[in-house]
Amino acid sequence: MSVRFRVENLDQHYGSAQVLRRVGFEIEPGECLAVLGRNGAGKTTLLKCLMGVLPTTQGRILVDDADITHWSTHRRSARGIAYVPQGREIFSELTVGENVEAAARAHGTFGTGLMDETLALFPALRQMWRRPGGALSGGQQQQLAIARALMTRPSLLILDEPTEGIQPNIVTAIKDVLGALKGRISLLLVEQYLDFAISLADSIVVLSRGTVIEAGRAEAISREQLTRHIAV
Ligand SMILES: Nc1ncnc2c1ncn2[C@@H]1O[C@H](COP(=O)(O)OP(=O)(O)OP(=O)(O)O)[C@@H](O)[C@H]1O
């Protein structure tokens, strides 16, 4: 089940440095929002605020009608917000199967059809089921991280640069999976790879120095505009 997700006037500071300024956007149920911006624009900081890893001092975060601004990370996760961080953070000592099962047990979805449904999206993971997570390629680890996140039965899946450092065939596989999930769940995608973001996004937000400098429906923003905003 997907949700409406809204962020209003979010500020964030590291010490005296302001990193986010009045950031706001909305994700319609079942849609994909791409957040774009150069290195250092504040994208990862934004995601940390949304997951409650960083406390919010100014602004509001809403899921449907619930104000989750001050909820713990755990409570947000229980409300259906899942986060696949940059760097993936799987358990490299555990097998692929143990990684998936640990996430499923922690969220009460072990032994449900959800596990089979999710693994059907990632045939490569089934083939690698008994291999340690650390033995997988970067792309396979990314798939594993997404599969783990899906075990929480999310209504909003947040992904921080899922294509970073990944071989092209797995990028395509991940794009297909996210495309298939869209509609059923909402997606928030932070991405540097423009073509990937454009192919999935229904709406786009561009951040620059912590400020939203462009926002709108994906079809209303040209590729040239986006390239100009995020070119180094
Ligand atoms: N823990 C921290 N303490 C102080 N400053 C930080 C911290 N983390 C990030 N910053 C600074 O905040 C700004 C935003 O960083 P952030 O990582 O959110 O950007 P980003 O858009 O995700 O960049 P990248 O694509 O490189 O990950 C940068 O200027 C960065 O140097």
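**A walk through the sheet and its surroundings**

Let's start in the middle: strand E8 is covered on both faces, with Ser186, Leu188 and Val190 buried on one side and Leu187 and Leu189 buried on the other. Here, buried means that 20 or more other C-beta atoms, placed from the backbone, lie within 10 Å of the residue's own. Since 5 of the 5 residues of E8 are buried, the strand is largely enclosed by the rest of the structure. Strands (E, at least two residues) and helices (H or I, at least four) are DSSP runs, numbered from the N terminus.

Before going on, keep in mind that this is a predicted model, where local features need pLDDT of at least 70, side-chain atom pairs count only at pLDDT 80 or more, and totals for chains, interfaces and linings use all residues. Residues are numbered from 1 along each chain as its sequence is written.

So what does E8 belong to? Six strands make an open, mixed sheet in the order E6-E7-E8-E3-E9-E10. Strands E6 (81–84) and E10 (211–217) are the edges; each has a single partner strand, so one side of each is left without a neighbour in the sheet. Two strands count as paired if DSSP finds at least two bridges between them. E8 pairs in the parallel sense with E7 over 5 bridges, and with E3, also parallel, over 4 bridges. Val190 turns up in both pairings: it is the bridge partner of Asp160, and Val35 stands opposite it too. Over at the edge, 4 bridges join E6 to E7 (residues 156–160), again running parallel, with Ile81 partnered by Leu156.

Helices pack against this sheet. H6 (residues 138–150) touches E6 and E7, its direction making about 165° with that of E6. H1 (residues 43–51) lies across E3, E6, E7, E8 and E9, at about 150° to E7. Such angles run from 0 to 180 degrees between N-to-C directions, using axes fitted to C-alpha atoms, for helices over the stretch in contact.

The largest nonpolar core (buried Ala, Val, Leu, Ile, Met, Phe, Trp, Tyr and Cys joined through C-beta atoms within 7 Å) has 65 residues, and Ile158 is one of those with the most contacts inside it. The largest share of this core, 6 residues, comes from H6.

Finally, there is a ligand, whose surrounding residues include Tyr14, Gly42, Lys43 and Thr44, counted when the C-beta atom, placed from the backbone, lies within 6 Å of it. H1 gives the largest share of this shell, 3 residues.

Conventions:
Contact = placed C-beta atoms within 7 Å. Buried ≥ 20, exposed ≤ 12 C-beta atoms within 10 Å, placed from the backbone.
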